[in-house]
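Here's a quick tour of one chain, from its overall contacts down to its core. Have the sequence and the coordinates open as you read.

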Amino acid sequence: MGIKLRRDGAWVEVGGGLQGVQGIQGLSGGVGATLSTSSQGSAYTLTASDAGTIVKMSASVTVPQNVFSVGQSIIIYNDTSSAFNITSGAGITLRLPGTSSTGSRSLAQRGIATILCIASNEFLVTGTGVY
């Protein structure tokens, strides 16, 4: 459908208008998705079922070998008033992003950490209270 303009007392249709751009589709499981949560009351080794979840911890957590795939992540929440360790299992490299530091990390009281698998048995550990 074109635009109508008045010219010399008559209405004239001028060309077609531009088609509007279609809006962006929402992401499945993206913004607004609710993550499942589990609580662990003692030292705990992560399992495949922890991927994509929040794990509320009150003691140290270990990241095991050959369990997670590239792109999978786990959120750890320290549900205590003292720090605990996020330990690398045998054959695991834990990296602190933005540094050359590798190895186990500490998570401060009420801190939150995201553990992201970036390669086979290689993870980034980042978040508020990670040191």
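Among contacts (heavy atoms within 4.5 Å) between residues at least 6 apart in sequence, 42% join residues at least 24 apart. Bear in mind that this is a predicted model, where local features need pLDDT of at least 70, side-chain atom pairs count only at pLDDT 80 or more, and totals for chains, interfaces and linings use all residues. Residues are numbered from 1 along each chain as its sequence is written, and side-chain values use heavy atoms, leaving out hydrogens and water.

The chain has eleven strands and zero helices (DSSP runs numbered from the N terminus: E, at least two residues, for strands; H or I, at least four, for helices). S10 turns up in several pairings (strands pair if DSSP finds at least two bridges between them):

| Strands | Sense | Bridges |
|---|---|---|
| S7 and S10 | antiparallel | five bridges |
| S8 and S10 | antiparallel | three bridges |
| S10 and S11 | antiparallel | eight bridges |

Looking at single bridges, Ile76 partners Ala113 in S10, and Cys117 has Phe123 in S11. S10 and S11 form a hairpin with two residues between them, and Asn121 in that turn has a positive phi of about 65°.

Now the inside. Buried residues (under 20% relative accessible area, 1.4 Å probe, protein chains only) make up 26% of the 131 residues. The largest nonpolar core (buried Ala, Val, Leu, Ile, Met, Phe, Trp, Tyr and Cys joined through side-chain atoms within 4.5 Å) holds 21 residues; Val61, Ile76 and Phe123 are among those touching the most other members. S10 gives the most to this core, with four residues.

Terms used:
Buried means under 20% relative accessible area, exposed over 50%, partly exposed in between (1.4 Å probe, protein chains only).
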